[in-house]
Amino acid sequence: MEYNFDTIIDRKGTNSLKWEPDKLKEFFGEEDMLPLWVADMDFKTPQPIIDTIVERAKHGIYGYSVRLDEYYDSVINWQKKRHNWNIEKDSIVYTPGIVPAINYIIQAFCSTGDKVIIQTPVYYPFKKSIINNGCKVVDNPLTYDGKKYNIDFEDFEEKAKDEEVKIFILCSPHNPVGRVWTKEELEKIGKICIENNVLVVSDEIHNDLILGNNEHIVFANISEEFAHNSIICTAPSKTFNIPGLETSHIIIKNKEIRDKYKHILIKNSISGHNPMSIAALKAAYNEGEDWLEQLLLYLEENLNFMENYLINNMKEVRLIRPQATYLAWLDFRLIEKDNKKLEDLIFHKAKVALDSGNWFGDNGSGFMRVNFACPRAILKEALDRICSAINNRTLQ
Ligand SMILES: Cc1ncc(COP(=O)(O)O)c(C=O)c1O
């Protein structure tokens, strides 16, 4: 089946966090904005998922539901097919979302006051989860070489040596800077963690959204040693645009670590599952691949479009071209270094809702994150608005 990603679908009135004017007002102080912020897509999910949910809905009874073997097989087969990663059913722990999972992991493996390493600029709920659970953030900031972001290994090692550091949350691929980490980078960081008794939590929620010729490597697939010192967080949510269905898989090979994690889930009575999510997951992993291949091409074209647009109309705004995800990190520092003034320009003058760079860490100031998983016409409209706001400001 051929999908048309150019179709514009009105999402207002669907309780969309990204689009509802009330939410825009709350976050940006404006109701009437073009939103390219929250990380979901403005595309319909693959047809087989829609058909399956409609069919399930028609049944009319939405009782307590369980995951059967065919559910686990869908997860196992997908990981094998897309990532050449062999996992066993027992290692898969359902959790209703990766952010909840990260909170449960911190509760399971840290005591109050313990430390957790993150690499800013990074997906901001990591920091919130650490702080909300009474732990301390240790930052190993990524370095920017003018083209891409890199890991400062020396700094990482020094920080990992601190005995109070219990966990490292790796974002792989990385949101917002779009890096697909190489095997060499992952090996270096993984070894440091083993040497210093630091558990690696690899958030791989974006691992199916790999662009161009880049190759994603599942952290646990590097070696048995790495598999036994890691927790891998995966989900169909970003891949197939079903994050509202709240299904994720926390894959833990090491039984001792897995039992500790499961204990926290039991303490919080996390076991049931939404019947719609069960149906959607099977359809996604068993029948959604064709849609995903078409989506990845469209995303790549959107990225090319944005890159050309910037070169032709806004040379001072630099795109740090992502190797994965549908999130682009834009460097506005040649236009405006002051983050508050930049926010004013983008949110209040251009009226485009983007994720402000400093939400991801202090080193994100002067940057903005753009979600380009939208029809090209919407992307163009957003870029036009930003371009006019910049030009008007220059004229003043
Ligand atoms: C790196 C990363 N982890 C987790 C999430 C959210 O996961 P969930 O909706 O399963 O809690 C996102 C969403 O943007 C993300 O980018």
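This tour moves from the whole chain to two pairs of aromatic rings.

The model is predicted, so that local features need pLDDT of at least 70 and side-chain atom pairs count only at pLDDT 80 or more, while totals for chains, interfaces and linings use all residues. Residues are numbered from 1 along each chain as its sequence is written, and side-chain values use heavy atoms, with hydrogens and water left out.

Begin with the whole chain in cartoon view, where there are 14 helices and 15 strands, taken as DSSP runs (H or I, at least four residues, for helices; E, at least two, for strands) and numbered from the N terminus. Colour by accessibility next: of the 396 residues, 56% count as buried, a word that here means under 20% relative accessible area with a 1.4 Å probe and protein chains only, whereas exposed means over 50% and partly exposed in between.

Now select the rings of Phe, Tyr and Trp (its six-membered ring), which pair if their centres lie within 6.5 Å, with planes under 30 degrees apart counted as stacked, over 60 as edge-to-face and the rest as tilted. By this rule the count comes to 25 aromatic pairs. One of them joins Phe5 and Trp291 in a tilted arrangement, 6.0 Å centre to centre and 55° between the planes. Phe5 sits in the segment before helix 1 (21-28) and Trp291 in helix 12 (residues 289-313), 286 residues apart, and both Phe5 and Trp291 are buried.

Move on to Phe28 and Trp359, whose ring centres are 6.0 Å apart with planes at 35°, so this pair is tilted. Phe28 counts as buried at 5% relative accessibility, whereas Trp359, at 26%, counts as partly exposed.
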